[in-house]
Amino acid sequence: MGLSKTIWTNPTEYLTTQKPENPVLFFAPSVLQGMARKFIDSFPGMVTYAVKSNPMEEVIENLSSAGLRGFDVASPFEMRLIKRLAPDAALHYNNPVRSPAEIAVAVELGVKSYSVDSASELAKLIKHVPAEGTEITVRFKLPVGGAAYNFGAKFGATAELAVELLRVVADAGFVPSLTFHPGTQCTEPAAWESYIRKAAEIAEEAGVTIARLNVGGGFPNHRLNAVTPDLDAIFEMIDRVATEAFGDARPLLVCEPGRGLCGDAFSVATRVKALRDDTHVFLNDGVYGSLTELPMIGVIDRTEVKSPEGVLRTGEPVARIVFGPTCDSVDRLPGELMLPEDLTEGDYVLFHGMGAYSTVTNTRFNGFGELGMETVLNLHA
Ligand SMILES: *Cc1c(COP(=O)(O)O)cnc(C)c1O
């Protein structure tokens, strides 16, 4: 699935000259680097990248050359990937469940930051990881809304348990820190506010001064025409509330965006295989391909339809039921998509904002899923 060496001006140039039959993901390194600089310049602390959202080597390399110095990793594969591509970067091993063999890999690779949300997993870390200079970050959860997908459903200690865990971390000689993850595609700055205030209460109750507060990922990318993410509003909220809640004991801040960094740097071009009886649109990509996330967190309406000659379809938008290429009946995009009425078989439907949880969750189910990868200067025009 590597990138070809040609750099195209934009997706249209590729589509009109190559007329691809398979779906194609277009990557604009300039957009990724711009987003990395936005985070580095405006977030009031250290910016790390959640590798799981898009582990393509080109993504890691571009983030690294834009100045990113830390990566949130969850598995030995991800740790080795970063060690190879960005050997000097910090690894934050923030998957709260690990086998002893996985922990051994992390120790061997020099990982100095781990997160945890249970007493038994903390005991395992204490047993296998040397405490000296190593941070253990206690992950807690709150019932808060605002995200497209709730991460607290799987991980995160209650505030009461977090107090106990934080004391154990400090007593065992590790550097104590706290973390949370407000959810993904979280457009509501208030989600961070309640978490940061709760973190201060947990530290206070435990009687522990925390070194760092990792405010998670969850930063939104641009998926809906009507909702432009306001990262500055979120960063300002985090900065202000951290000072209000912690005062003189304000910890260093860390964030670990996945989607917020890589999402807008990619667009996918799908092709209309059929417009069946003028009602149902069948695309060559669907929920087993790069559009996996749509049923979970909602449809992307930042779409454009182009003829094979590159002409933008500008007909009145009409609601269409859209299916993917496999024979499974769940292979359908949620709800209906507004698509121009002059859309026809052979057209390309471009979805923008497709960088996160797309390349990496693409499957080969039913023999589909051969996803092309191309580099472009611009994603539009
Ligand atoms: C998945 C994940 C992230 C990234 O989430 P996004 O919503 O893509 O920003 C960050 N931190 C942890 C611990 C995660 O599991």
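This is a short chat about a predicted model, its two domains, their interface and the ligand site.

Visitor: What should I know before I look?
Guide: The model is predicted, so local features need pLDDT of at least 70, side-chain atom pairs count only at pLDDT 80 or more, and totals for chains, interfaces and linings use all residues. Residues are numbered from 1 along each chain as its sequence is written, and side-chain values use heavy atoms, with hydrogens and water left out.

Visitor: OK, how is the chain divided?
Guide: Domain 1 covers 7-26 + 264-376, and domain 2 covers 29-262. These bounds come from an automatic or database domain assignment.

Visitor: How many residues does each domain put into the contact?
Guide: Domain 1 gives 22 residues and domain 2 gives 21, where contact means heavy atoms within 4.5 Å.

Visitor: And what area is buried between them?
Guide: About 1900 Å², with carbon and sulfur atoms giving 54% of it. Buried area is the accessible area (1.4 Å probe) that two parts lose on being put together, summed over both.

Visitor: Which three residues supply the most on the domain 1 side?
Guide: D264, I297 and Y357 supply 33% of the area that domain 1 buries against domain 2, more than any other three residues.

Visitor: How many salt bridges cross that interface?
Guide: The rule finds 2 across the interface of domain 1 and domain 2. A salt bridge is a side-chain nitrogen of Lys or Arg within 4 Å of a carboxyl oxygen of Asp or Glu.

Visitor: How many does the structure hold?
Guide: The structure holds 15 salt bridges. One of them joins R271 and E21, at 3.1 Å from N to O.

Visitor: What does the pair R271 and E21 tie together?
Guide: R271 is in strand β11 (residues 266-276) and E21 is in the loop between α1 (11-18) and β2 (24-27), so the pair ties together parts that are 250 residues apart in sequence. Helices (H or I, at least four residues) and strands (E, at least two) are DSSP runs, numbered from the N terminus.

Visitor: Changing topic: which residues come nearest the ligand?
Guide: K52, T184, G218, E256 and Y357, of the 15 residues around the ligand. Near means that a heavy atom of the residue lies within 4 Å.

Visitor: What does K52 have facing an oxygen atom of the ligand?
Guide: A polar side-chain atom of K52 lies 2.8 Å from that oxygen atom.

Visitor: And E256?
Guide: A polar side-chain atom of E256 is 2.7 Å from a nitrogen atom of the ligand.

Notes. A polar contact is a pair of N or O atoms within 3.5 Å; within protein, one must be able to donate a hydrogen and the other to accept it, and residues adjacent in sequence count only if both atoms are side-chain atoms.
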